[in-house]
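Q: I should like to learn how to read the features of a protein model. Could we work through one together, beginning with what it means for a residue to be buried?

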Amino acid sequence: MASSRKSYRGALHVVERIGDTVRRPVSQHTPAVHGLLRYLEDTDFQGVPRLIGADDEYETLSWIEGEPGTRPWPEVLRTGSGLIQLAGFLKSYHVAVKDYIPTDDTGWCVPDLRWQPGLIIRHGDLGPWNTIWSDDVLQGIIDWDLAEPGKRIEDVAQIAWHLVPLRGNDFWSKAGFEEPPDYRKRLNVLCEAYGGFRTNGVIRALLDLQETEILRISTLGSAGVEPWCTYLRRGDLEVTSRERDWLRTEHSNLV
């Protein structure tokens, strides 16, 4: 067991690894996330952090051993294997969480957002940076802070956005691809591995997701609500708008 302390700076805050645990600042919606994590632990769902404890300032979670999918991506994320593993994890998670009903007073990261019948609690931040890998095997998904009520297809669409990646032609080299990826093929691999959703439906869900994110960055960011305040300050409004416009143009070439 590791005994050292090490700090990691994320986009929003600094987290500290202490042995096999992670110490992170809490927020107003932390209780909502804790309710979800407790439910997943009760159902013995693997690959997510376990809640160990919390006080008014910090939460303590279990550490998931492995390396995050930071840029340039590990090779597994540049192959179909990475997408297939992520789709399998997501499908299993959706099965595990389908019967979870949060309390009526649960407050999520988006103010006034509430669960309704027919929705699940989606991860909300499914990017490579929150995936953990070891020897090309997915170990789990971390950072559930942006979990929120939504539709299953929105989680699939978010993986398509960030991990196919349907982000335009100025991104693929940053991820470590030596040449432009076959977006259509990779999107098909993702959809076939998850099952039940056609590529056209996932693209439409992604366009809606991008519009929602643009609106949140504009309104919540301007109102000082985190994390959208940080997103607005670092230029995500322009980036997301540009990626939405690219997807609109390429839509017909991807299905």
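A: A residue is called buried when its relative accessible area is under 20%, exposed when that area is over 50%, and partly exposed in between. Please keep in mind throughout that this is a predicted model.

Q: Which residues of H1 are buried?

A: Helix H1 covers residues 30–42. Its buried residues are Thr30, Ala32, Val33, His34, Gly35, Leu36, Leu37, Tyr39 and Leu40.

Q: What covers the buried residues of H1?

A: The cover includes strand S4 (51–54), S5, H2 and strand S7 (120–122).

Q: How does one read the length of a helix, and what follows H1?

A: One compares its reach with the span expected at 1.5 Å a residue. H1 has 13 residues and extends 18 Å from its first C-alpha to its last, close to the expected 18 Å. After H1 comes Asp44, whose phi is positive, near 60°.

Q: How should I read a sheet, and in what order do its strands lie?

A: A sheet is read strand by strand, with attention to the direction of pairing. Here three strands form an open sheet in the order S6-S8-S9, and the pairing is antiparallel. The edge strands, S6 (67–68) and S9 (137–141), each pair on one side only.

Q: How many bridges join S8 to S9?

A: Four bridges join S8, residues 131–134, to S9. Within S9, Val137 is the bridge partner of Ser134.

Q: Which helix lies across S8 and S9?

A: That is helix H2, residues 80–97, which runs at about 40° to S9.

Q: How may I examine the surroundings of a single residue, such as Glu65, and where is it found?

A: One may place the residue first and then list its contacts. Glu65 is found in the loop between strand S5 (58–62) and S6. Leaving aside residues up to four places away in sequence, Glu65 touches Arg17, Ile132 and Gln139. The side chain of Glu65 also makes polar contacts with two side chains: that of Arg17, at 3.4 Å, and that of Trp63, at 3.1 Å.

Q: What separates Glu65 and Leu37 in sequence and in space?

A: Glu65 and Leu37 are 28 residues apart in sequence and 18 Å apart in space, taken from C-alpha to C-alpha.

Q: How many salt bridges does a search of the whole structure find?

A: The search finds 18 salt bridges. In one of them, Glu16 is joined to Arg5, with the closest N and O atoms 3.0 Å apart. This pair links distant parts of the chain, since Glu16 is in strand S2 (residues 14–18) and Arg5 is in strand S1 (residues 5–9), 11 residues apart.

Q: Is each partner buried or exposed?

A: Glu16 counts as buried because its relative accessible area is 16%, whereas Arg5 counts as exposed because its value is 55%.

Q: Where are Asp155 and Arg122, which also meet in a salt bridge?

A: Their side chains meet at 3.3 Å, N to O. Asp155 is in helix H3 (residues 152–163) and Arg122 is in strand S7, 33 residues apart. Both Asp155 and Arg122 are buried.

Q: With which residue does Arg234 form a salt bridge?

A: The partner of Arg234 is Asp236, and the closest N and O atoms are 2.9 Å apart. Arg234 is partly exposed, at 48% relative accessibility, while Asp236 is buried, at 17%. Elsewhere, salt bridges that share partners join Arg24, Glu59, Asp143 and Asp145 into one network.

Conventions
Residues numbered from 1 in each chain as written. Predicted model: local features only at pLDDT ≥ 70, side-chain atom pairs only at ≥ 80, totals over all residues. Heavy atoms only, no water. Pairing = 2+ DSSP bridges. Helix = DSSP H or I, 4+ residues; strand = E, 2+ residues; numbered from the N terminus. Contact = heavy atoms within 4.5 Å. Axes fitted to C-alpha atoms, helices over the stretch in contact; angles between N-to-C directions. Polar contact = N/O pair within 3.5 Å; in protein donor to acceptor, adjacent residues only side chain to side chain. Expected span 1.5 Å × (residues − 1). Buried < 20%, exposed > 50% of the residue type's maximum accessible area, 1.4 Å probe, protein only. Salt bridge = Lys/Arg side-chain N within 4 Å of Asp/Glu carboxyl O.
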